[in-house]
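Here are a few exercises to work through with the model open beside you. Try each task before you read its solution.

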There are 2 protein chains.
Amino acid sequence: MKDKQVDLVFSVLAHAARRRMLDLVMQAPGISVSALGTHFDMSRIAVLKHIHVLEKAELLISKKEGRTRHLYFNPIPIQMIYDRWTTQYSAFWSSHMADIKDRVETRAAGKRGSKRA
Amino acid sequence: MKDKQVDLVFSVLAHAARRRMLDLVMQAPGISVSALGTHFDMSRIAVLKHIHVLEKAELLISKKEGRTRHLYFNPIPIQMIYDRWTTQYSAFWSSHMADIKDRVETRAAGKRGSKRA
DNA sequence: CAGATAGGTAACCTATTCGTTACCTATGAA
DNA sequence: TTCATAGGTAACGAATAGGTTACCTATCTG
């Protein structure tokens with residue numbers, strides 16, 4: 001998987017609306033563009049643009065039937081990044097996991113005010 | 001973890017140079033800004049800006065000693081997203097895993113390590 | 001056919017991103 | 001003190017992102 005493709009997938013995921021679109025399509029495979037659009041507080045055109053971006057990153061696949069475009073989630077790019085990610089960070093994680101777990105749990109335990117850095 | 005924070009982390013990771021910076025800092029904890037900069041074909045200022053973005057997303061932590069800023073990798077935000085991700089997509093993955101696994105392995109052709117989500 | 005419905009393009013506007021150069025500040029060493 | 005070095009700000013510019021309105025095309029249905 002090339003850098004450019006990884007860039008694209010990450011940048012696509014960097015927008016809450018698009019992440020939500022993926023969720024919705026995952027939950028309702030074959031949903032139409034307009035049906036998807038009803039869940040968002042933006043124009044139909046904006047939704048359409050997001051769909052185009054998602055398709056360009058191959059996170060969505062669409063199939064047009066008649067006048068309706070049906071949308072499907074494609075997990076492969078995310079799967080790829082997931083694999084790469086675990087490989088890339090697992091060494092660090094495993095060697096620091098006790099420490100991290102401790103810090104996360106300390107923060108979760110009600111220490112709100114003091115952020116590190 | 002709020003949407004905005006997730007947006008930020010993903011957008012930060014959507015740049016190959018920044019991903020590489022994380023790798024480098026992970027491999028050389030405490031590296032200085034200028035030492036990090038030698039690995040990149042861009043001005044020192046551009047590197048500095050990327051570092052600021054990484055710090056804003058809390059993927060890097062820095063500590064200044066004298067005139068030198070030492071950089072450290074903070075895995076927590078990635079860990080957070082990783083957890084969310086696996087939760088969010090694992091249902092889909094597991095229900096389609098045979099299919100996906102088959103396709104992925106066909107491409108990987110001999111690579112080891114089928115991860116379970 | 002007429003009209004409603006689903007999708008799609010084009011043009012435009014504003015904010016942000018990512019890089020630059022120029023210049024400033026703080027620290028360490030000779 | 002003097003000067004090189006590490007870091008940092010400010011201002012700018014080109015490109016891209018993310019939204020809008022206006023308008024067009026295709027298809028289904030009464």
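**Exercise 1. Is A:R19 buried or exposed, going by its relative accessibility?**

Solution. Before starting, note that this is a predicted model, in which local features need pLDDT of at least 70 and side-chain atom pairs count only at pLDDT 80 or more, while totals for chains, interfaces and linings use all residues. Residues are numbered from 1 along each chain as its sequence is written, chains are lettered from A and ligands numbered from 1 in the order in which they are written, and side-chain values use heavy atoms, with hydrogens and water left out.

- Step 1: recall the cut-offs: buried means under 20% relative accessible area, exposed over 50%, and partly exposed in between (1.4 Å probe, protein chains only).
- Step 2: A:R19 has 4% relative accessibility, so A:R19 counts as buried.

**Exercise 2. Find the salt-bridge partners of A:R19, and say which elements they join.**

Solution. A salt bridge here is a side-chain nitrogen of Lys or Arg within 4 Å of a carboxyl oxygen of Asp or Glu.

- Step 1: A:R19 pairs with B:D7, and their closest N and O atoms are 2.7 Å apart. Because A:R19 lies in helix α2 of chain A and B:D7 in helix α1 of chain B, the pair joins two chains. (Helices are DSSP runs of H or I with at least four residues, strands are runs of E with at least two, and both are numbered from the N terminus.)
- Step 2: A:R19 also meets B:D3 in a salt bridge, at 3.5 Å from N to O. This pair joins two chains as well, because B:D3 belongs to helix α1 (residues 3–13) of chain B and A:R19 to helix α2 (residues 16–27) of chain A.
- Step 3: look at the partners. B:D7 is buried at 16% relative accessibility, whereas B:D3 is partly exposed at 40%.

**Exercise 3. Describe the salt bridges of B:R19, then give the total for the structure.**

Solution.

- Step 1: B:R19 forms a salt bridge with A:D7, with 2.7 Å between the closest N and O atoms. B:R19 sits in helix α2 (residues 16–27) of chain B and A:D7 in helix α1 (residues 3–13) of chain A, so two chains are joined.
- Step 2: both residues count as buried, B:R19 at 5% relative accessibility and A:D7 at 16%.
- Step 3: A:D3, A:D7 and B:R19 are linked in a network of salt bridges.
- Step 4: over all chains, the search finds 4 salt bridges.

**Exercise 4. Which residues come closest to DNA strand C, and what do they touch?**

Solution. A residue is near a strand if one of its heavy atoms lies within 4 Å of it.

- Step 1: of the 21 residues around DNA strand C, the closest are A:R44, A:R69, B:S43, B:K49 and B:H50.
- Step 2: polar side-chain atoms of B:K49 and B:R67 reach base oxygens of this strand, at 2.3 Å and 3.0 Å respectively. A polar side-chain atom of B:R18 lies 3.0 Å from a phosphate oxygen of DNA strand C.
- Step 3: sugar or phosphate accounts for 55% of the DNA strand C atoms within 4 Å of the protein, and bases for the rest.

**Exercise 5. Which residues come nearest to DNA strand D?**

Solution.

- Step 1: A:S43, A:K49, A:H50, B:R44 and B:R69 come nearest, out of 21 residues around DNA strand D.
- Step 2: a side-chain N or O atom of A:S43 is 2.4 Å from a phosphate oxygen of DNA strand D, and a polar side-chain atom of A:R67 is 3.0 Å from a base oxygen of that strand.

Conventions: A polar contact is a pair of N or O atoms within 3.5 Å; within protein, one must be able to donate a hydrogen and the other to accept it, and residues adjacent in sequence count only if both atoms are side-chain atoms.
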